[in-house]
Amino acid sequence: MSFETEFESHLKKFNTAPFMFIGSGLSSRYINTEGWGTLLSKVCSELKLKSNFHYYNSKSSNDLTTVASLMANDLFEDWWKDDRFIDSRASFEQHVKDPESPLKYEICQYLSKNEGIINAEMEKEYRLLKKINVEGIITTNWDLLLEKTFPEFNTFIGQDKLIFNNSIDIGEIYKIHGCVSSPNSLVVTSKDYEQFHLKNPYLAAKLLTIFMEHPIIFLGYNIGDTNIHSILNSIIKILDKQTIEKLKDRLIFCERDESVTETTINDGNYLINELNLPIKRIRYKSLEDVYKILANNNRKLPIKILRHMKHMVYDFVKNTKSKSKVYLADETNIGLLDIEKVQFVYGFGIKENLSSLGIKGVSSRDLLLDVINQDLQIDHGALCKAALPTIQGKYLPYFKYLRLANLLDENGNIPINDETNELSPALIDKINAIKIEDFHPVSQYLSKKESINQKYNSVNNLIAGETEEHAMIYIPMLDIENINSDELLNYLKNKNLKTEDLKTQVRKLICLYDFLKYRKQI
């Protein structure tokens, strides 16, 4: 079984999208951020502290949290008095809250010099990362890569934001070790880590809800990372053995391995408190295979709409005087409704402007008829993002909408590096693979292809020489240079399709017209 098949099958065991737990390895991979030790060493050198990094490191017995504490102590007096830091004081002195604040500010200044330009050799992989569909992200990273990658996500900075905020867990990034945008939020010194670990039980309780409802994909960490071990240890402490069993297969660790030739997924164990916790281990050299599966799991609605929907409904249910704009269509008889038959219909936009089409959504039939009659007044770009990825059907007219939304290249393909999040890798591959043979009839008719092309050299000639039933079947078998799109369009218009059932062969002809007219030209 291939990795893609096995990983996709594993994720289908769960009813919810994954959460990501992201570490520094991801930022190192894409924007060349340094590891913690290297970062402290370079900051130490830039600040010209009274001692060098190796002195602090040896004095702290290689404990980097203590290294940071020693650096903070030595920097404090110079930062307030030395002219080298006059600009820093002008920007930040009002926000200094303890002797460690100046070091945190200077670390943020150093990190801010990194412009976040994606490594050229990782651009293809990174574009796939931007398309993945996950419920949310927890990270110990300080940089702004994740905000850049997922601009529609809301960001919560600090451990307390995750613990105490009434978060709704859709499209959110939890930066539990702080962020460069808020220097005092950084967890860096031994004092910071002591306070962080004191709150671990509360953090574990909050994370437990996420862990029990979602698969968790760890990316950018070593499997023995102390931060992850500490958090998992806190979670395990509040669970009984029966509940721990429910975590089985939910924890998925991605491990970089330059020696592998292909991505693999296997069963593994995570030893914690003498307990072997069953996990999944993915070994990769490239993350493209992992991202493709996560990107192919399309949402029915954009994440900002889902987040807003959940917020409105939660507020409507929770509060007696809700401010959410939720409207009831049948308020007068609501007490008499059969609860087993109640259905919820969501409409987005201004209540007075919701049309019947907006409520029911765009169907495959709407698109097929529009290609012929040009009567669907809708934004082509929005349709490509919201409808094409979700409408079901074997024969759909993709190319008109993709062409008019400027999403096709000169060869009629969606570029492989297209960054439209809603167009998953699987959908792009499917559309780009469409060819003229896909519109041919079943194999029993293909033996007539040669004789048909000898007998007819145009759509009109074929229509004139065949019965209605055979004309529909034979048109796609004409040599492509003899299928004039305007003749095919006139034939379809004359069929009065609005009142005729769109049978498979009619759908094929409409999609053939769409293919010929729009794939390679406007």
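Of the 522 residues in the chain, buried residues make up 48%, a value that, like every other one here, comes from a predicted model. The chain holds 27 helices and 8 strands. Among its contacts between residues at least 6 apart in sequence, 70% join residues at least 24 apart. The paragraphs below follow some of these elements and the residues that link them.

A starting point is helix α5, which spans residues 64–81 and includes Leu 70. Leu 70 has a relative accessible area of 19% and is therefore buried, since the cut-off for that class is under 20%. Leaving aside its neighbours within four places in sequence, Leu 70 is in contact with Tyr 56, Lys 59 and Ser 60. The C-alpha atoms of Leu 70 and Glu 100 are separated by 9.6 Å, although the two residues are 30 positions apart along the chain. The loop between α4 (53–59) and α5 contains Ser 61, whose phi is positive, at about 55°, although Ser 61 is not a glycine. With a relative accessible area of 60%, Ser 61 is exposed.

Helix α5 also packs against helix α11. Two packed helices are described by the angle between their axes and the distance between the axes. For α5 and α11, the axes come within 7 Å and cross at roughly 130°, and the two helices are therefore oblique to each other. On the α5 side the contact is made by Thr 65, Thr 66 and Ser 69, and on the α11 side by Ser 190, Lys 191 and Tyr 193. By class, the residues of this contact of α5 with α11 divide into 1 nonpolar, 4 polar and 1 charged.

Helix α11 (residues 190–198) has a further partner in helix α12 (residues 200–213), and here the axes come within 5 Å and cross at roughly 55°. That angle makes α11 oblique to α12. The residues that meet are Phe 196, His 197 and Leu 198 in α11 and Asn 200, Pro 201, Tyr 202 and Leu 203 in α12. The contact of α11 with α12 has 5 nonpolar and 2 polar residues, and no charged residues.

The next residue to follow is Asn 141, which lies in the loop between β2 (136–139) and α9 (145–149). Asn 141 counts as buried because its relative accessibility is 6%. Its side chain reaches the backbone nitrogen of Ser 24 at 2.9 Å. Not counting residues up to four places away in sequence, Asn 141 touches Ile 22, Gly 23, Ser 24, Ser 27, Lys 175 and Gly 178.

A loop residue of the opposite exposure class is Asn 406, found between α20 (398–404) and α21 (425–432). With a relative accessible area of 67%, Asn 406 is exposed. The phi of Asn 406 is near 60°, a positive value in a residue other than glycine.

Further along the chain, helix α26 (residues 485–493) has as its buried residues Ser 485, Leu 488, Leu 489, Tyr 491 and Leu 492. These residues cover an arc of only 160° around the axis, which puts them on the same side of α26. An α-helix has 3.6 residues a turn, so residues three or four places apart point the same way. What covers the buried residues of α26 includes α18 (364–373), α24 (459–465), α25 (468–474) and α27 (504–518).

The N-terminal end of α26 is capped by Asn 484, of which a side-chain oxygen lies 2.9 Å from the backbone nitrogen of Asp 486. Ser 485, found in helix α26, is buried, with a relative accessible area of 14%. Not counting residues up to four places away in sequence, Ser 485 touches Tyr 513, Leu 516 and Lys 517.

Helix α18, one of the elements that cover the buried residues of α26, contains Leu 369. The relative accessible area of Leu 369 is 11%, and this residue is buried. Leu 369 and Leu 502 are 133 residues apart in sequence and 9.1 Å apart in space, C-alpha to C-alpha.

Notes. Residues numbered from 1 in each chain as written. Predicted model: local features only at pLDDT ≥ 70, side-chain atom pairs only at ≥ 80, totals over all residues. Heavy atoms only, no water. Buried < 20%, exposed > 50% of the residue type's maximum accessible area, 1.4 Å probe, protein only. Helix = DSSP H or I, 4+ residues; strand = E, 2+ residues; numbered from the N terminus. Arc of directions from axis to C-beta. Contact = heavy atoms within 4.5 Å. Polar contact = N/O pair within 3.5 Å; in protein donor to acceptor, adjacent residues only side chain to side chain. Axes fitted to C-alpha atoms, helices over the stretch in contact; angles between N-to-C directions. Parallel < 35°, antiparallel > 145°, perpendicular 65-115°, else oblique. Nonpolar A, V, L, I, M, F, W, Y, C, P; charged D, E, K, R; others polar.
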